[in-house]
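Work through the exercises below with the sequence and the 3D structure at hand. Each one is followed by a solution in steps.

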Amino acid sequence: MDRGDERKWIKEARRGDVEAFAALYREHVQAIFRFVYHRVNDRAQAEDITGDVFVRALEALPNYQPTEAPFLAWLYSIARARVIDFYRQQGRRPAESDVDEQPVPVEMDLDAPLMQQQLVADLRKAVANLTPEQQQVIHLRFVEGLRLEEVATRLGKNANAIKALQHRALRALAARLERSNFDLESTLAGLSS
Amino acid sequence: MTVPPTDPHPGDVLEKHLPALLAGRRTLEETLRQSPEAAAVQAELKTALLVNRLLAEMPDTAVRDLEQRLRARAARRGGAGRVLPAARRLPQISRWAAVLLIALFVGLGAGGGTVAASAGSLPGDPLYGIKRAWEQVVALVATLLGRAEDMALHLARVRFAEWLALNTAGSTPAPATTDLILALENAIRQADSTTTPQLVTFMLAAENALQSLPPAAQQQPGYDRVAQLLQPDFDAQGGLIVPLPRLLPTPAPALPAATATLPPTIAPTGTLPPTGTPTATLPPTPTLPPPTATSRIPATATRTPAAPTASPTATLPTATLPPPTATWTPLPLGVITSATPVTLPTLGPVLPSVTPVLPPLEVTLRIRETQAAVYATQTAIAAGTGEPTPTPDTAP
């Protein structure tokens with residue numbers, strides 16, 4: 001979806017078009033999920049919070065004023081507030097690594113997601129160069145978040161075979177990333193700071 | 001002959017450490033420090049972490065389920081982004097004309113003399129009373145024009161700005177928090193199809209602003225209630241609702257102070273039918289989240305002694321009662337029992353002094369509030385749920 005399409009969907013969603021809102025949701029749900037998951041480290045909680053973000057977006061949409069910033073930036077600002085609320089309900093304050101220490105105006109919040117999009121694209125490209133079997137195990141285990149035994153059941157293999165396959169897949173992926181000069185260290189550091 | 005120990009398979013080492021790493025229970029550094037054998041699979045662990053963080057996805061089923069829920073929610077409201085509960089239109093004057101008039105009236109205040117000077121004042125400033133008085137005038141105009149909800153939204157914004165400014169300056173008097181809570185509750189109750197989206201947007205922005213407050217401000221009494229009210233809560237029809245206050249974890253310490261003020265309260269309400277025992281259930285009132293509750297209940301306790309006795313209760317205007325559930329819900333059952341015997345002996349002697357003079361309306365309302373609290377508490381005790389139920393329509 002390019003910016004022109006997005007503006008069109010937003011305009012129609014604000015007029016009450018459910019399909020337009022659904023299109024915006026499908027376009028951004030995974031990005032919001034990852035944003036939340038990265039901060040709460042719990043898939044089930046991340047799914048709940050993601051749902052909450054879109055419910056609130058739906059309610060607040062009539063007053064959303066399109067700016068130069070993408071719609072996703074607005075969703076991020078809602079998601080950040082929900083993550084902070086999650087930590088408040090847990091009775092603890094989020095560490096600065098969990099959420100940004102201060103709410104950032106939407107317009108200023110663009111660089112990080114854009115840079116992350118590039119990293120994601122590079123990583124996907126590296127995964128796509130693995131064997132189909134290795135891609136499968138990487139996807140089930142680390143993208144969908146299944147446990148080892150669940151992956152084994154899904155692929156009709158035993159757990160030991162999956163352990164070995166998983167190891168080979170990760171080793172091959174690490175080597176590919178290194179060959180393509182993917183800066184693994186600083187990317188990980190950036191994700192945790 | 002002994003078999004030399006073999007190194008564990010790297011696949012096993014990897015799997016041994018992956019779950020804790022992926023769930024965030026242990027960092028990579030901790031893993032390497034505590035388990036030296038993990039160094040052999042360090043690159044694989046890092047890669048796994050990277051893929052998990054950058055490519056993690058919500059499962060398709062969850063994505064579809066959520067989409068269905070959002071569609072259903074949007075449909076209930078008549079479409080995405082729309083809030084449909086019937087829009088109220090004045091027959092004589094359009095909404096925009098009304099809003100314009102209100103804005104003009106607010107502007108008049110900002111443009112003239114002392115009122116203008118008071119516009120930026122904060123609670124505690126000498127001119128703040130003038131600011132509030134002018135607000136009352138504008139609120140009256142708004143009500144006459146049928147746009148009380150716009151004014152309620154405006155006042156919620158103003159109270160929040162004041163509260164935030166005080167907090168930022170390092171001090172927040174409790175009355176400012178109380179005023180903010182009341183303004184937010186009022187704005188939520190009054191919100192209609194037009195003001196709901198504006199209010200929700202304001203709430204989201206305000207809730208974001210809360211995060212910038214210093215930790216000390218977040219510990220103040222009433223902060224939790226403010227934060228709770230700023231999270232939009234909706235009913236099945238998509239209308240905004242005021243969330244019930246959360247129970248305080250330790251209500252007991254508040255009891256003694258409240259018990260001391262009870263006897264005078266009970267005297268004038270002596271004619272309430274089942275009052276003997278239940279009127280003594282008032283002590284838990286201070287356990288309501290400050291400052292919302294304390295602003296009302298103590299006032300009842302100190303002022304009711306001046307009221308004549310309650311024999312003419314049949315004239316009490318039941319229709320004007322405030323909804324009791326929001327105010328009295330948090331009463332904990334355990335506290336009630338201990339306070340029961342306090343005031344019973346004073347009931348008898350007071351009854352003969354009943355005078356046939358009707359109490360002024362304000363006093364009558366306060367008596368009625370007391371009755372409502374008593375009834376709600378009784379009902380809660382009887383039901384064993386701790387949840388008060390609304391007062392019956394028939395006044396005793």
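**Exercise 1. Helix packing in chain A**

In this predicted model, determine at what angle helix 2 and helix 4 of chain A pack, and how far apart their axes lie.

Solution.
- Step 1. Helix 2 spans residues 18–40 of chain A and helix 4 spans residues 71–89 of chain A; their packing angle is about 35 degrees, and the axes are 10 Å apart.
- Step 2. The crossing of helix 2 of chain A with helix 4 of chain A is right-handed.
- Step 3. On the side of helix 2 of chain A, the contact is formed by A:L24, A:H28, A:A31, A:I32, A:F35, A:V36, A:R39 and A:V40. Helix 4 of chain A contributes A:F71, A:L72, A:L75, A:Y76, A:A79, A:V83 and A:F86.
- Step 4. Sorted by type, the residues of this contact are 13 nonpolar, 1 polar and 1 charged.

**Exercise 2. Nonpolar cores**

Which residues have the most contacts inside the largest nonpolar core?

Solution.
- Step 1. The largest nonpolar core holds 71 residues.
- Step 2. Those with the most contacts inside it are A:V36, A:L75, A:A79, B:A187 and B:L199.
- Step 3. Take A:A79 from that list. Leaving out residues up to four places away in sequence, A:A79 touches A:I32, A:F35, A:V36 and A:V53.
- Step 4. Another core, of 29 residues, lies apart from the largest one, and its members include A:V127, A:A169, A:A174 and B:L54.
- Step 5. As background, nonpolar side chains in soluble globular proteins tend to be buried together.

**Exercise 3. Two residues and their exposure**

Classify A:R3 as buried or exposed, then say what B:V141 touches beyond its neighbours in sequence.

Solution.
- Step 1. A:R3 is located in helix 1 of chain A, residues 3–14.
- Step 2. A:R3 counts as exposed because it has 11 C-beta neighbours inside 10 Å, and the cut-off for exposed is 12 or fewer.
- Step 3. Between the C-alpha atoms of A:R3 and A:E68 there are 9.6 Å in space, while 65 residues separate them in sequence.
- Step 4. B:V141 belongs to helix 7 of chain B, residues 128–144. Because B:V141 has 17 C-beta neighbours inside 10 Å, it counts as partly exposed.
- Step 5. Not counting residues up to four places away in sequence, B:V141 touches B:I102 and B:F105. The C-alpha atom of B:V141 is 8.7 Å from that of B:L101, which is 40 residues away along the chain.

**Exercise 4. The two chains and their interface**

How many residues of chain B are in contact with chain A, and which helix of chain B gives the most?

Solution.
- Step 1. Begin with the chains. Chain A has 193 residues, 37% of them buried, and its secondary structure is 9 helices and 0 strands.
- Step 2. Chain B has 396 residues, with 36% buried, and consists of 19 helices and 0 strands in secondary structure.
- Step 3. Among contacts between residues at least 6 apart in sequence, those joining residues at least 24 apart make up 58% in chain A and 75% in chain B.
- Step 4. At the interface, 48 residues of chain B are in contact with 56 residues of chain A.
- Step 5. On the chain B side, two or more residues come from each of helix 1 (10–22), helix 3 (42–55), helix 4 (60–76) and helix 10 (195–210) of chain B. Helix 3 of chain B gives the most, with 12 residues.
- Step 6. By type, this side of chain B divides into 24 nonpolar, 12 polar and 12 charged residues.

**Exercise 5. Confidence**

Where in chain A is confidence lowest, and where is it highest, among the helices?

Solution.
- Step 1. The mean pLDDT of chain A is 83, with 86% of its residues at 70 or more.
- Step 2. Confidence is lowest in helix 5 of chain A (residues 111–128), with a mean of 78, and highest in helix 8 of chain A (residues 159–179), at 94.
- Step 3. Residues 96–111 of chain A have pLDDT below 50; this stretch has 30 contacts in the model beyond near neighbours in sequence.
- Step 4. For chain B the mean pLDDT is 67, and 52% of the residues reach 70 or more.
- Step 5. In chain B the pLDDT is below 50 over residues 83–91, a stretch with 22 contacts beyond near neighbours in sequence. The pLDDT is also below 50 over residues 385–396 of chain B, where the corresponding count is 33 contacts.
- Step 6. Where pLDDT is low, predicted coordinates should not be read in detail.
- Step 7. For the complex, the predictor gives an ipTM of 0.77 and a pTM of 0.44.

How values were computed: Residues numbered from 1 in each chain as written. Chains lettered and ligands numbered in written order. Predicted model: local features only at pLDDT ≥ 70, side-chain atom pairs only at ≥ 80, totals over all residues. Contact = placed C-beta atoms within 7 Å. Helix = DSSP H or I, 4+ residues; strand = E, 2+ residues; numbered from the N terminus. Nonpolar A, V, L, I, M, F, W, Y, C, P; charged D, E, K, R; others polar. Core = buried A, V, L, I, M, F, W, Y, C linked by C-beta atoms within 7 Å. Buried ≥ 20, exposed ≤ 12 C-beta atoms within 10 Å, placed from the backbone. Axes fitted to C-alpha atoms, helices over the stretch in contact; angles between N-to-C directions. Left-handed = near helix turned anticlockwise from the far one by under 90°. pLDDT = per-residue confidence, 0-100.
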